[in-house]
Structures are given as structure tokens and as C-alpha cells.
Amino acid sequence: MQITTLTTRLHSRRYESNLRNSRHPWKEKHALLVFITTDSGITGVGEAWTENASPLPLALFIEKDLAPLILNQPLNNLADIETLSARLFETDAMSNKGGF
């Protein structure tokens, strides 16, 4: 099995009044969903987010920098997953795009 597609989809919502968490208020929330599909027809969904910033640079980082590292790579066992995870983590750490 291998990952054949990775796509992102941004969902945003504005609120009439301020919502709060323990750190700050906001009037708008963004959720960046990441969809990964395999050649076996399995689809996985994950969420990525940024705090107090546009999620668009994050979407581009995922699509342009990370996707090429995992597309068409073997994904048959735990060792394959660990290899892909390490590759993604290393790219994030070396990208100067800290926080992604």
C-alpha cells in the first residue's frame, strides 16, 4: 500500500461575539484539514492549525514541502510509518518554518 494523494481544505468561521480560551479571545477560527488517500482506497483525515496567523502558509508547506516526501512511498507496516514520520519531522525541523 502507498499514499497516492494528499490534499488540504481550509474551513473558516467568524463569530458574532468574542470566544475565549485560557490564552486569548478570537472572532474567527480556522481549521486546516489534511486528507491522505492510499491506493487501497483508505482515506485518513487530520487537522493542522496555527495560532493567531493565517493557515494558508501552513497549507502550502504541507502541500509543497511535505507531500512530495510521502507520496508513492511504501506504507505496509509500522516500520514504513515510522520512516515516513521521521522524514516529515526532520524536514519540519530543518525547514526554518518552526511551529509547523
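Strand 1 leads into strand 2 by way of a hairpin of four residues; helices (H or I, at least four residues) and strands (E, at least two) are DSSP runs, numbered from the N terminus. The model described here is predicted: local features need pLDDT of at least 70, side-chain atom pairs count only at pLDDT 80 or more, and totals for chains, interfaces and linings use all residues. Residues are numbered from 1 along each chain as its sequence is written, and side-chain values use heavy atoms, with hydrogens and water left out.

Across the hairpin, strand 1 and strand 2 (residues 25-38) are paired in the antiparallel sense over 13 bridges, where pairing requires that DSSP finds at least two bridges between two strands. Within this pair, Arg9 stands opposite Leu33 of strand 2, and Arg14 faces Glu28 in strand 2.

The wider picture is an open sheet of three strands, ordered 1-2-3, with antiparallel pairing. Its edges are strand 1 (3-20) and strand 3 (43-48), each of which pairs on one side only. On average, neighbouring strands of the sheet are turned by 20° against each other, direction ignored; axes are lines fitted to C-alpha atoms, for helices over the stretch in contact, and angles run from 0 to 180 degrees between N-to-C directions. Helix 1 (residues 56-70) packs on this sheet and touches strand 1, strand 2 and strand 3, contact meaning heavy atoms within 4.5 Å. The direction of helix 1 makes about 160° with that of strand 1.

Turning to helix 2 (residues 78-94), Ser85 is found there. The C-alpha atoms of Ser85 and Glu28 are separated by 31 Å, the two residues being 57 apart along the chain.
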